[in-house]
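User: I would like a close look at a single part of this model, namely the place where the ligand sits. Please take the surroundings step by step and keep the account connected.

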Amino acid sequence: MEHWSAQGLRYLKGVGPKVAEKLARLGVETQRDLLFHLPLRYEDRTFVTPIGGLQPGQRAQIEAEVMQSGIQFRRQGRSRRVLVAKLGDDTGILSIRLFYFNARAEAQFEKGTRLRCFGEVRSALGDLEMIHPEFEVIDPQAPPPLPQTLTPIYPTTEGLHQLALKRIVQQVVDKLVADGIAETLPQEWLARHDFPDITSAMIDLHRPANRAASELIARQRHPAQHRFVVEELAAHRLALLERRHAIRQRKTPAIAPDTALEQRMLDALPFALTGAQRRVLAELKRDFAAGKPMIRLVQGDVGSGKTVVAALAALPVVEAGYQAALMAPTEILAEQHYRNFVDWLAPLEIDPVNLSGADKGKRRTQKLARIASGDARIVIGTHALFQPGVDFHRLGFIVFDEQHRFGVEQRLALQKKARAGEVPHQLIMTATPIPRTLAMSVYADLDYSQIDELPPGRKPVTTSIVSEQQRASLIERVARACADGGQVYWVCTLIEESDALQAEAAELTYHNLASALPQLRVALIHGRMKPAEKDAAIRAFKDGATQILVATTVIEVGVDVPNASIMIIENPERLGLSQIHQLRGRVGRGARESFCILLVRNNLGDLARTRLDIIRGTQDGFEIAERDLEIRGAGEVLGTRQTGEASFKIADLVRDQAWFGEVEELAQLLQRPQHASERTALLRNWIGTRQDYTDVG
Ligand code: ADP
Ligand code: MG
């Protein structure tokens, strides 16, 4: 009979078709997958903090009574209901705001109810508040006991509440406690390293046994953690190596190194390439000549000049009779690239096409015809490029700009536009400066180049840290800069990963600025807006129609508005340093003296200050990335939150470097034929059907 762990999720309480669909989005389809859906982190809910002792920025648990509550209506485009409540204990008062709630929640916030809440504490105009805490009603006479061990927090997805997910996982953990699952790794290897068996290791992580175990876990010292870290990294490595091997077997366009077109383009360029650009271009041409599919990641800091390298690399492709495609993550960037390409390629009589989602009717038909006939030798565009109906004559080379913005499926969809059986060469460009050691382990399947030099003559951006108290004078400074013809970005951040809350924060700042500065045109852009709305907002800013652009971190990549000279980032301590660096890279592009202002709350901790001092002290993206990596870990550096690429369930490439030796050893052991079944199990458990590892296009 089939083991329970291989069964689907419908046997579990709380899993209907809708929840199953959400779990599938997390890569969870069987009960075993749920076991491997390990906690992301743990929270300490073993104690209650008095409201008087709360600090902004802290995640805390409180117990308090609802003193008043009510629904407020706000009009922001569409009207919206907000549940606002004041909770008090003997030591102070805290506001709660819920933007999404049902009738049941409304009833739970009735005056006089006692609630236990857990959430992030924020300061709002001097008051403390929690937005969307987890909460439960408690009986003041008999409050339920507090947990004795750490509370696991699982990675989840929009619409699937942490508590619901936890209840589902715990059912499977109950079964695990009752009858275990089969070991997946070679016994002698486990014994050699003194690693625990799979069943007890699983139980330990989902349900820490006691305080002692909790403390080991909190310090990342628990043997169960070590076992799974090594396991996961080995699985990752094996999957990447298999993928690379599979791709290298495939047929690819033969491209002779041509230099005639290249020379003509170089002669016409208004600048000389930097040494780093020349070196990377040579690496790309060497790949073409090798006769195997190129998959090369090129990293270069903001402004290092990746685009021109991509254009030059496309020339031998074109010369060999193939088409090259450049895919950008937004219409704005595609348009920017198109204009550059037109300038650069005009002397070569190459006329690129920019295919936009907005192209309709005759214009679209004409462009599609040029692409299908091969007359369009270089095609630039966004996601529009891989839609059905777009047929290439002979696609030989694809450039993905800002690769971390693309999902893997989208990359594969474009690859499939090549001729059957032929894998196009691929160049993936990113501004996210990933330290080389890290890149080599995360992208074991890619070749890797760096443009580690900026073109000469770049103006530095002056970075300063300004405290919340100086907000009013900062707004005056913004007003002066705008009166002087300048433009300003104002970026709002929130630690919560929810788009909705990020958007709330930006909307609030937008309204405050718009009313404080009625003489200026303020615009808003955030991730909840439609793509067309976002592009319109950026275009208006680009054209100078708006002077202040209030944004979430959606504007991080690529946007080029040389007239903008001030970048204000609220609560920058919540971002990865590389992310701040990317945002800062939006200014310092034109003739104006440029500033990046980090607007921080008053009681910034020492660590946060140290981090921001790194940003203030250097403009070298690679240096920042190295230091960021030391402080925060790989996930943020890679910017993987959006795409889930290179995301680990339990491993952390920085923290776990000490285990790389064991990882290598396990990967090698499992490559032996006698361990084929263990290898299969390992890949199934950790990689599953993740297309980014398994599909070679
Ligand atoms: P990124 O690497 O961030 O994508 P871009 O390709 O957009 O950078 O280049 C930034 C700017 O620098 C562009 O205006 C580009 O034309 C210019 N540029 C690129 N290479 C050089 C160079 N070698 N010398 C001077 N300017 C350059
Ligand atoms: Mg770029």
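How do the residues of the shell around ligand 1 divide into nonpolar, polar and charged?

Analyst: This is a predicted model, and what follows should be read with that in mind. The shell around ligand 1 is made up of six nonpolar, six polar and three charged residues. Of the 15 residues found around ligand 1, those that come nearest are Ala272, Gly303, Lys306, Thr307 and Arg458.

Some of these residues return when the polar contacts are considered. A polar backbone atom of Ala272 lies 2.9 Å from a nitrogen atom of ligand 1, while an N or O atom in the side chain of Lys306 is 2.8 Å from an oxygen atom of the ligand. A further contact involves Ser304, where a polar backbone atom is 3.4 Å from an oxygen atom of ligand 1. With regard to cover, ligand 1 taken alone exposes 570 Å², and the protein buries 77% of that area.

The wider setting is a pocket: ligand 1 takes up the space of the second largest pocket, to which a volume of about 1200 Å³ is assigned. The lining of this pocket comprises 44 residues, and those that lie nearest its centre are Val302, Gly303, Ser304, Arg458 and Arg589. Gly303 and Arg458 thus belong to the residues nearest the pocket centre and also to those that come nearest to ligand 1. By class, the 44 lining residues comprise 16 nonpolar, 16 polar and 12 charged ones.

As for the secondary structure behind this lining, helix H11 (306-319), helix H12 (331-345) and helix H19 (577-584) each supply at least two residues to the second largest pocket. Among the contributors, H12 gives the most, with six residues. Lys306, whose side chain makes the 2.8 Å contact with an oxygen atom of ligand 1, is the residue at which the range of helix H11 begins.

For contrast with this open pocket, the enclosed spaces can be added briefly. Six cavities of 30 Å³ or more are found in a search of the whole structure, and the second largest cavity holds about 70 Å³ of space. Its lining consists of 10 residues, with Arg97, Phe99, Ile131, Glu504 and Ala505 nearest the centre, and helix H17 (residues 499-516) gives the most to this lining, with four residues. By class, the lining of the second largest cavity has six nonpolar, no polar and four charged residues, whereas the lining of the second largest pocket, where ligand 1 sits, does include polar residues, 16 in number.

Notes: Residues numbered from 1 in each chain as written. Chains lettered and ligands numbered in written order. Predicted model: local features only at pLDDT ≥ 70, side-chain atom pairs only at ≥ 80, totals over all residues. Heavy atoms only, no water. Near = heavy atom within 4 Å. Polar contact = N/O pair within 3.5 Å; in protein donor to acceptor, adjacent residues only side chain to side chain. Areas by Shrake-Rupley, 256 points an atom, 1.4 Å probe, with all protein chains shown as cover. 1 Å grid on protein atoms, 1.4 Å probe; cavity = no way out; pocket = protein on both sides within 12 Å on 5 of 7 lines; lining within 4 Å. Sits in = over half its atoms within 2 Å of the grid points. Nonpolar A, V, L, I, M, F, W, Y, C, P; charged D, E, K, R; others polar. Points joined across faces, edges and corners; volume = space filled by probe spheres on them.
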